[in-house]
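Thanks for sharing this one. Here are my notes, as numbered points, to read with the structure open beside you.

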Amino acid sequence: MGLPIAILKRECNFSVLGSGGRRSEESRWWRDLCCVSEGDLQNKNWFLSNVRRSIGDGAAASFWHEAWCDDECLKSKYPRLFSIADSKSGTVAEAGLFEDGVWKWNLRWRRLFFQWEEELGADLLRRIQPLCCFRDKKDGWRWVLETDGRFSVRSAYVFLARHYSMPHSVCYSKAWNRFIPSKVSALMWKILQGRLPTKIALQRRCIIPQSESVLCVFCHRHAESVDHLFLECEFSQRIWHGCYKWLGISCVLPTSCKDHFVQHCSMWNYKKCRKIWRLLWGTTVWSLWLLRNEIVFSNACVDYIHLLDLIQVRSWRWVSAKVGHTHYGFVQWYIDPMTCITSAMSKS
Ligand SMILES: [Zn+2]
C-alpha cells in the first residue's frame, strides 16, 4: 500500500533529507535515514529526485527551490533569472494572482532584462504558462515512481535495485525464498551484509560503552563479531558439524559467514531441493542467534544437545509447513533428513 507523501512530509523535513547538513542533536535513526537518502549510493539524493511538488494554492511550494513544474527546480534550470529575481524565497502563489477567477503569472525582477536574457525569460514563461494555482486545494507532494503519486517501499526498492548494483547480490537473493520464513531470511541477509547488532558492532556505534565486555557469550574468549558468533566460535562449529553429521555430510568450515553460505549452497546439486537446503542454513543461524539472545537477556545456558534438537525440530516444522505434514513425520526427518528433503520436493 502506498504512503501519502504528505505523511512523509509531516514526519520528515525534505529540505533536510538530502541536504547533507547534520546536526549533533539528530537521532541516530534520523542520521541513518539521511544516509539512505544521500549516502554511499552512486545516485545521490535518489529520494528527493523522485519527489515533486503538486501545486494547489501555491502557498507552500517554493517557486525557485522546489521541483513543481519539471524534473528540476527553476533555480537550477534558470540560474541567471534566479540571480535577478525580486524574491528568491517566494512561493508559487506569490508569483502570480487571480484576475476574474483566472490565474495570471506575474513574475517580478530586480531590474529590466538585458537583451540576451529576454529569451530566457520568455522560455520560463512558456514553461509555467500551462500551469496554474487552485484556490480550494492545498499544495502536496507526489512520488513520481507510482502512478497514484503515493510513496511505496516496493517502488523505492525497484528504483534502488536498478540504479545501485549490490555486490554479491546473487548470494543475497538466495537468502530470500518462499521456503524460508521472512524473519529468518531477514537475519540471513543481515549476517551476509555484516549488519547484525553484535556486541562489537554496538560498541563501534557507541550504543554500549567501551568499558562493557564484548566477549562472545558462547565461549567467553573472543570478541563477538558476526563471523565469530556463527562460525569461528568452538560452540558454533560444534553445532555446524553436528548438523552436517545429522545430514550425512563431512566438510571443512570456512572462516566467513558469506563464504560458508556459498559453500553450503553448493553442497547440493539437485536443483529442486536447494530451497530446503538453504532453509537448513537459515534455521541453524536463526537458532544460534536466538540462543545468544536468550543468554544475553534471560541468562539461558549453552546447551549443545538442546540446540541441535531445536534446529532439527524447527527445520522440520518449517519444511512441513511448506510441503505439507502428511509427507513424513518428525521421526523420519530426524533419522533420514536427506531422503525426506528429496521426497518433499518431488511431491511439492
Ligand atoms: Zn565464541
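**Notes on the fold**

1. Let me begin with the overall make-up: the protein has 16 helices and 4 strands. Please keep in mind that this is a predicted model. Of the 348 residues, 26% count as buried. Among contacts between residues at least 6 apart in sequence, 61% join residues at least 24 apart.

2. Now the interior. The largest nonpolar core holds 41 residues, and those touching the most other members are Ile-191, Phe-230, Ile-276 and Val-285. Two or more residues apiece come from α8 (182-193), α10 (226-232), α11, α12, α13 (274-298), α14 (304-323) and α16 (337-347). Helix α13 gives the largest share, 9 residues. There is also a second, separate core of 13 residues, with Ile-55, Cys-69, Leu-74 and Cys-133 among them.

3. How do α8 and α13 cross? Their axes come within 9 Å and cross at roughly 85°. Angles of 65 to 115 degrees count as roughly perpendicular, so α8 and α13 are roughly perpendicular to each other. On the α8 side the contact is made by Val-184, Ser-185, Leu-187, Met-188 and Ile-191, and on the α13 side by Gly-282, Thr-283, Val-285, Trp-286 and Trp-289. You will recognise Ile-191 and Val-285 from the list of core residues that touch the most other members.

4. Stay with α13 for a moment, where Arg-292 is found. Is this arginine buried or exposed? Arg-292 is buried, because 24 other C-beta atoms lie within 10 Å, and 20 or more is the cut-off for that label. Not counting residues up to four places away in sequence, Arg-292 touches Val-217 and Leu-229. Arg-292 and Phe-218 are 74 residues apart in sequence, yet their C-alpha atoms are 7.4 Å apart in space.

5. Helix α14 is worth a look for its length and its buried residues. It has 20 residues and reaches 29 Å from its first C-alpha to its last, close to the 28 Å expected at 1.5 Å a residue. The buried residues in α14 are Leu-307, Ile-311, Gln-312, Arg-314, Ser-315, Trp-316, Trp-318, Val-319 and Val-323. When you read that list, it helps to recall that an α-helix has 3.6 residues a turn, so residues three or four places apart point the same way.

6. Next, the strands. Strand β1 (residues 51-54) and β4 run antiparallel and are joined by 4 bridges. Within this pairing, Arg-53 has Trp-141 in β4 as its bridge partner. Strand β4 (residues 140-143) has two unlike faces: Trp-141 and Trp-143 make up the covered one, while Gly-140 and Arg-142 make up the uncovered one.

7. The other strand pair is β2 (residues 96-99) with β3 (residues 102-105), which also run antiparallel and are joined by 4 bridges. Here Gly-96 has Trp-105 in β3 as its bridge partner. The hairpin has 2 residues between the strands, and Asp-100 takes a positive phi near 55° there.

8. Two loop residues deserve a check of the backbone. Most residues other than glycine have a negative phi. His-220 is not a glycine, but has a positive phi of about 60°. It lies in the loop between α9 (199-204) and α10, and His-220 counts as exposed because it has 9 C-beta neighbours inside 10 Å, with 12 or fewer as the cut-off. Asn-299 is not a glycine either, and its phi is positive, at about 55°. This asparagine sits in the loop between α13 and α14, and is exposed, with 7 other C-beta atoms within 10 Å.

9. Finally, which residues does Thr-255 contact, leaving aside its neighbours within four places in sequence? They are Asp-227, Leu-231 and Glu-232. Thr-255 is found in the loop between α11 (234-246) and α12 (257-266). The C-alpha atoms of Thr-255 and Leu-231 are separated by 6.5 Å, although these residues are 24 apart along the chain. Even with these contacts, Thr-255 is exposed, with 10 other C-beta atoms within 10 Å.

How values were computed. Residues numbered from 1 in each chain as written. Predicted model: local features only at pLDDT ≥ 70, side-chain atom pairs only at ≥ 80, totals over all residues. Contact = placed C-beta atoms within 7 Å. Pairing = 2+ DSSP bridges. Core = buried A, V, L, I, M, F, W, Y, C linked by C-beta atoms within 7 Å. Expected span 1.5 Å × (residues − 1). Axes fitted to C-alpha atoms, helices over the stretch in contact; angles between N-to-C directions. Parallel < 35°, antiparallel > 145°, perpendicular 65-115°, else oblique.
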